[in-house]
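Trainee: Please take one part of this model and go through it closely. Start with enough of the whole chain to place that part, and finish with a few other sites for context.

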Amino acid sequence: MDFGGHLEKLIRERNLSINMLVRECGINRGGLYNAFKGQRKLKADQLFALISKLSLSAPEEARLVNMYFDDFYGEQEHGKIKFLINQISDCAPVRQNAESVSKSSAAEEKLKAFISQNKRIITNFPYSFEAADRLFFNAVQNGEITEFTHILVADDKDDYKNNYISIFKSLKYMYFGHFPKYFHSSVKALQSAALLPYFAIGESGALLFSKARAVAIEDSESVDILAREAAELLRGCRQFGEESGDIFQIKDEYQKGIVDGMTEVTLSSYPCLAQFVDYETMQSLVRRQLPNKDMLVEIAYSHYSNIYKRVRQINITTEDGIKRFASTGNLLEIPGKYIACADIKHRVKILEGIADSAKRGEFYLLDKSKLSLPGGIMIEKCANKGILCAFDENEKDFYMFGRFFAQLEDRAFIESLGKALKYLVESRKVYPKEYTAQFIKNTIAGLKPLEQ
């Protein structure tokens, strides 16, 4: 049964009056009947207005919502959106504990030996080889590998699962300063064309391997040949991500991507706050001991105010992020060496700006019962690029790009990212405006006694 037929069935089973439903849910009577027949699509707000009257169980509601978005986007595109959101929620650009495995294959044992003998490694294994990923990452995390070059294959046939997995699983390596290289080809063709499709080359040897088998190569001439072939392959790759010590370089990258009237959507564990900072607040934030403080205030305020005059900013963040801001006053857009944390007065002012933004439908809190977001990650969809970055929330003055700054200009990924972020709001993975407004109000009330 399709969405329209299933919706009609739920309504008829409950003996609900169609006249009452269309009146209370703001739906045209003819439009609802056309939706039953699959001749018209309801708006998401209309769907949830109907759900509020149907007294559905959680599984019943989840099924109806899933059917609605299958119908709205098409089943294949909806699946793609859900897969991307799962990758976002499951990614972990933070320190991970080593996993213990009871039994290793012969290939894994040879990989362990190879890693223990080499500190500089270039390799091309895929993340579907989970054991190799674990071995290499543990060695990177523990400092056993000091130079790690990872060539990932982005499927040019738009095998979105492979591509999205590659993007988000690579974040944990980027967190430790090792940025992957992307080579566009057909993953399946590459793997089926080679007996041992993966390689690892170090300073003292090389390894050709698959998930089941591995061949160690120690002959120096053979290793040199493989190293030259790998270097040639690298010349056809593009690097994903970079270290981000230069705030002005990142500022320039943002300004290049701005198109007047565009909507920028940010999903972040900690709120993006620059749009709520007025000139007086900026003056209070910039550190007094800095040389040319007044000039820095002008530059910072001019930069951000120019962006938000031209761009509509929509923020999706977490309750914990708001609580953290209220308790610390940390603004993550600019490094702590330039600005201090906001005092109580200016925290309240910023939170009041957030409350107004929430009323306009431009600021949302993730419903943590429906979607979790790892700490220390921010994802943005701009006009022509997707931006991913990470920060260390354990630091006192953590900074948005404190760990890495990565941008993708792949059109298919950017289009899917835009749909996925919009979908979070449309599918009610965020709290209602009323909940958000009350949460911000309560947060401000908790700060007011401290303002004196």
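Mentor: The protein chain exposes about 21,700 Å², and carbon and sulfur atoms supply 48% of that area. Keep in mind that the model is predicted. Along its principal axes, the C-alpha trace spans about 80 × 65 × 40 Å. The secondary structure of the chain comes to 19 helices and 13 strands. Of the 452 residues, 52% are buried. Take the contacts between residues at least 6 apart in sequence: 75% of them join residues at least 24 apart. As for charge, there are 61 positive and 60 negative side chains, and the centres of the two sets lie 5 Å apart.

The part to look at closely is helix α8, residues 130–141. From its first C-alpha to its last, this twelve-residue helix reaches 16 Å, close to the 16 Å expected at 1.5 Å a residue. α8 is mostly covered, with eleven of its twelve residues buried. The buried set takes in charged and polar residues such as Asp-133, Arg-134, Asn-138 and Gln-141. It also includes Leu-135, Phe-136, Phe-137 and Val-140, along with Ala-131, Ala-132 and Ala-139.

What does the covering? The cover over the buried residues of α8 includes the helices α7 (106–117), α9 (160–169) and α10 (171–174). Strands contribute as well, among them β1 (120–123), β2 (147–155) and β4 (198–202). After α8 comes Gly-143, which has a positive phi near 80°.

One of the covering helices, α7, holds Lys-110. This lysine is partly exposed, at 39% relative accessibility. Not counting residues up to four places away in sequence, Lys-110 touches Leu-207 and Ala-214. For a sense of distance across the model, the C-alpha atoms of Lys-110 and Arg-360 are separated by 58 Å, with their positions 250 residues apart along the chain.

Another helix can be set beside α8. Helix α15 (residues 293–310) has 18 residues, which should span 26 Å at 1.5 Å a residue, and its end C-alpha atoms are indeed 26 Å apart. Its buried residues are Lys-293, Leu-296, Val-297, Ala-300, His-303, Tyr-304, Ser-305 and Ile-307.

A histidine in helix α6 (residues 75–90) is worth a line too: His-78. His-78 is buried, with a relative accessible area of 0%. Leaving aside neighbours within four places in sequence, its contacts are Asn-66, Phe-69, Asp-70, Tyr-73 and Tyr-423.

Last, the cysteines. The structure holds zero disulfides, and two of the cysteines show why when set against a cut-off of 2.5 Å between sulfur atoms. For Cys-341, the closest cysteine sulfur is that of Cys-272, and at 16 Å it is too far for a bond. For Cys-389, the closest cysteine sulfur is again in Cys-272, at 7.7 Å, so this pair is too far for a bond as well. The surroundings can be read from accessibility: Cys-341 counts as partly exposed at 27% relative accessibility, whereas Cys-389 is buried at 0%.

Methods
Residues numbered from 1 in each chain as written. Predicted model: local features only at pLDDT ≥ 70, side-chain atom pairs only at ≥ 80, totals over all residues. Heavy atoms only, no water. Helix = DSSP H or I, 4+ residues; strand = E, 2+ residues; numbered from the N terminus. Buried < 20%, exposed > 50% of the residue type's maximum accessible area, 1.4 Å probe, protein only. Contact = heavy atoms within 4.5 Å. Areas by Shrake-Rupley, 256 points an atom, 1.4 Å probe, with all protein chains shown as cover. Lys, Arg positive; Asp, Glu negative; His and termini not counted. Charge placed at Lys NZ, Arg CZ, Asp CG, Glu CD. Expected span 1.5 Å × (residues − 1).
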